[in-house]
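Trainee: I should be grateful for a close look at a single part of this model, a loop between two strands, together with its surroundings. Please treat the matter in one connected account.

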Amino acid sequence: MTKNFILIISFSLMLGSSLFSQISSDNFNESTYQKATLFLKNKDTLNGFARIKDFNTVHFKKERNDKKVKFTHKKLLGLQLVKDNFIKNFKYKLLLLGKALFF
């Protein structure tokens with residue numbers, strides 16, 4: 001009886017902590033447009049709204065209702081997303097295969 005109780009409590013604690021880790025500030029939802037700053041290779045910065053479409057493409061809008069503009073590693077150095085006063089930075093990392101991905 002006591003062993004089952006301890007097992008159930010430990011399982012509940014592990015399950016609860018894994019659920020709350022999914023909600024942490026480190027986990028941004030990159031599939032929706034969020035306030036962002038884009039850092040371009042020509043040293044310019046763009047402020048507006050952006051989302052990471054895949055690990056290589058960023059969609060950017062100056063205003064929420066504007067048409068999206070696509071950026072890849074060819075023009076973009078990195079990206080900073082802001083959500084609920086939390087900031088997450090992304091930058092491209094070149095792989096051996098000649099591809100660049102966000103990390």
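Mentor: A residue is called buried under 20% relative accessible area, exposed over 50%, and partly exposed in between. The model is a predicted one, and the part chosen here is the loop between strand S2 (45–52) and strand S3 (58–61), where Asn56 has its place. Asn56 has a relative accessible area of 25%, and is therefore classed as partly exposed. Its C-alpha atom is separated by 8.2 Å from that of Tyr92, although the two residues are 36 residues apart along the chain.

Thr57 is found in this loop between S2 and S3 as well. With a relative accessible area of 13%, Thr57 falls under the 20% limit and so counts as buried. Leaving aside residues up to four places away in sequence, Thr57 touches Arg51, Ile52, Lys70, Phe71, Thr72 and Tyr92. Tyr92 thus enters the description of both loop residues: as a contact of Thr57, and as the partner in the C-alpha separation given for Asn56.

The strands on either side of the loop form a hairpin, with five residues between them. S2 and S3 pair in the antiparallel sense over four bridges, and within this pairing Arg51 stands opposite His59 in S3. S2 also pairs with strand S1 (residues 34–40), again in the antiparallel sense, over six bridges. There Leu38 stands opposite Leu46 in S2. The hairpin of S1 and S2 has four residues between the strands, and in it Lys43 takes a positive phi near 75°.

Beyond the loop, strand S3 leads to an aromatic contact. The structure holds one aromatic pair. Phe60 and Phe71 form this pair in an edge-to-face arrangement, with 6.2 Å centre to centre and 75° between the planes. Because Phe60 lies in strand S3 and Phe71 in strand S4 (residues 69–71), the pair ties together parts that are eleven residues apart in sequence. Both rings belong to buried residues: Phe60 has a relative accessibility of 4%, and Phe71 has a relative accessible area of 9%. Phe71 is also one of the residues that Thr57 touches. Elsewhere, the charged end of Lys61 sits over the ring of Tyr33, 4.5 Å from the centre of that ring.

Phe71 appears once more in the largest nonpolar core, which has 13 residues. The residues with the most contacts inside this core are Ala36, Leu38, Ala50, Val58, Phe71, Leu76 and Leu79. At least two residues of the core come from each of S1, S2, S3, strand S5 (76–83) and strand S6 (86–94). The two strands that flank the loop, S2 and S3, are therefore among the contributors to this core.

For the wider setting, the protein chain has one helix and seven strands, following the pattern α-β-β-β-β-β-β-β along the sequence. Of its 103 residues, 26% are buried. Among contacts with a separation of 6 or more, 38% join residues 24 or more positions apart. The accessible surface of the chain comes to about 8,000 Å², and carbon and sulfur atoms account for 61% of it.

Terms used
Residues are numbered from 1 along each chain as its sequence is written. This is a predicted model: local features need pLDDT of at least 70, side-chain atom pairs count only at pLDDT 80 or more; totals for chains, interfaces and linings use all residues. Side-chain values use heavy atoms; hydrogens and water are left out. Buried means under 20% relative accessible area, exposed over 50%, partly exposed in between (1.4 Å probe, protein chains only). Two strands pair if DSSP finds at least two bridges between them. Contact means heavy atoms within 4.5 Å. Accessible areas come from the Shrake-Rupley method with a 1.4 Å probe; for residues, only the protein chains shown count as cover. Rings of Phe, Tyr and Trp (its six-membered ring) pair if their centres lie within 6.5 Å; planes under 30 degrees apart count as stacked, over 60 as edge-to-face and the rest as tilted. A charge sits over a ring if NZ of Lys or CZ of Arg is within 6 Å of the ring centre and within 35 degrees of the ring normal. A nonpolar core is a set of buried Ala, Val, Leu, Ile, Met, Phe, Trp, Tyr and Cys residues joined through side-chain atoms within 4.5 Å.
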